[in-house]
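User: I have a protein structure to learn from. Please take my questions in turn and keep the answers short.

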Amino acid sequence: MIHLVKLCVGAEGVDDLIDWQRLHFGDGPARHLTRMWPKREAEILDGGSLYWVFKGLVLARQRIVSLDESIGDDGIRRCAIGLDREVVLTEAQPRRPFQGWRYLDPDAAPADLRRGEAASARTKEAPLPRALQAALAEIGLR
């Protein structure tokens, strides 16, 4: 299995991504169009996710459910990355700017954040605020 990582251009944060997808796709599957077709398609479709970078930090991921051909009005073949609608928050992980998408090894992917009371019961602590998580990630303490 392998993941993809991509800058979330035009979104200030995770809530913006969720709102944009809801506006454009309603309750249907979300899609992200990209010019390049991943050569490691089978590995991606074997449980991979698209990790989203917001303002230099990976903060969320969505499971990749399909890679489909999409031909634009310009006649150019593109890859439509089909995404599960659940957006999973992750630990903040710094990422320098880049164009397009990159492969992300599972060992290098940030961990999912635990949710609500289940997380508190397991850790006996309240989760850190997102801003503090981001600041710690920027200085290399996650």
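User: Which residue in β6 does Leu 57 stand opposite?
Analyst: This is a predicted model. In it, β4 and β6 run antiparallel and are joined by 4 bridges. Across from Leu 57, the residue in β6 is Pro 94.

User: How many bridges join β4 to β5?
Analyst: These two strands also run antiparallel. Leu 67 has a bridge partner in β5, namely Ile 81. The number of bridges joining β4 to β5 is 7.

User: Which residue takes a positive phi in the hairpin of β4 and β5?
Analyst: This hairpin has 5 residues between the strands. The positive phi is near 80°. The residue that takes it is Gly 75.

User: Over how many bridges do β3 and β4 pair?
Analyst: The sense of this pairing is antiparallel. One bridge partner in β4 is Val 58, which pairs with Val 53. The total for β3 and β4 is 6 bridges.

User: What phi does Lys 55 have?
Analyst: Lys 55 sits in the loop between β3 (49-54) and β4 (57-71). That hairpin has 2 residues between the strands. Most residues other than glycine have a negative phi. Lys 55 is not a glycine, yet its phi is positive, at about 50°.

User: Is Lys 55 buried or exposed?
Analyst: A residue counts as exposed over 50% relative accessible area. Lys 55 has 65%. Because of that value, Lys 55 is exposed.

User: In what order do the elements of the protein run?
Analyst: The protein has 4 helices and 7 strands. Start at the N terminus and read along the chain. The order is β-α-β-α-β-β-β-β-β-α-α.

User: How many residues apart are Arg 63 and Asp 84?
Analyst: The side chains of Arg 63 and Asp 84 form a salt bridge, 2.9 Å from N to O. Arg 63 is in strand β4, while Asp 84 is in the loop between β5 (77-83) and β6 (88-94). The pair links distant parts of the chain, and the separation is 21 residues.

User: Are Arg 63 and Asp 84 buried, partly exposed or exposed?
Analyst: Partly exposed covers the range between under 20% and over 50%. Arg 63 has a relative accessible area of 40%. Asp 84 comes in at 23%. So both residues are partly exposed.

User: Which residue meets Arg 40 in a salt bridge?
Analyst: Arg 40 is partly exposed, at 31% relative accessible area. Its partner is partly exposed too, at 30%. The N to O distance is 2.9 Å, and the partner is Glu 43.

User: What is the N to O distance between Arg 77 and Glu 69?
Analyst: Arg 77 is partly exposed, with 44% relative accessible area. Its side chain meets that of Glu 69 in a salt bridge. The distance is 2.8 Å.

User: How many salt bridges does a search of the whole structure find?
Analyst: The pairs found include Arg 63 with Asp 84. Another is Arg 77 with Glu 69. The whole structure has 7.

User: How many disulfides does the structure hold?
Analyst: A disulfide is a covalent bond between the sulfur atoms of two cysteines. Cys 8 is buried, at 9% relative accessible area. Cys 79 is buried as well, at 0%. The number of disulfides is 0.

User: How far apart in space are Leu 136 and Gln 93?
Analyst: Leu 136 lies in helix α4 (residues 130-138). Leu 136 is partly exposed, at 25% relative accessible area. In sequence, Leu 136 and Gln 93 are 43 residues apart. In space, C-alpha to C-alpha, the distance is 9.2 Å.

User: What share of the residues counts as buried?
Analyst: The protein has 142 residues. It exposes about 8800 Å², and carbon and sulfur atoms supply 52% of that area. The buried share of the residues is 37%.

User: Where does pLDDT stay under 50?
Analyst: The protein averages a pLDDT of 87, and 84% of the residues score at least 70. Where pLDDT is low, the predicted coordinates should not be read in detail. The stretch under 50 has 7 contacts beyond four places in sequence. That stretch is residues 117-126.

Technical notes
Residues numbered from 1 in each chain as written. Heavy atoms only, no water. pLDDT = per-residue confidence, 0-100. Contact = heavy atoms within 4.5 Å. Buried < 20%, exposed > 50% of the residue type's maximum accessible area, 1.4 Å probe, protein only. Areas by Shrake-Rupley, 256 points an atom, 1.4 Å probe, with all protein chains shown as cover. Salt bridge = Lys/Arg side-chain N within 4 Å of Asp/Glu carboxyl O. Pairing = 2+ DSSP bridges. Disulfide = S-S within 2.5 Å.
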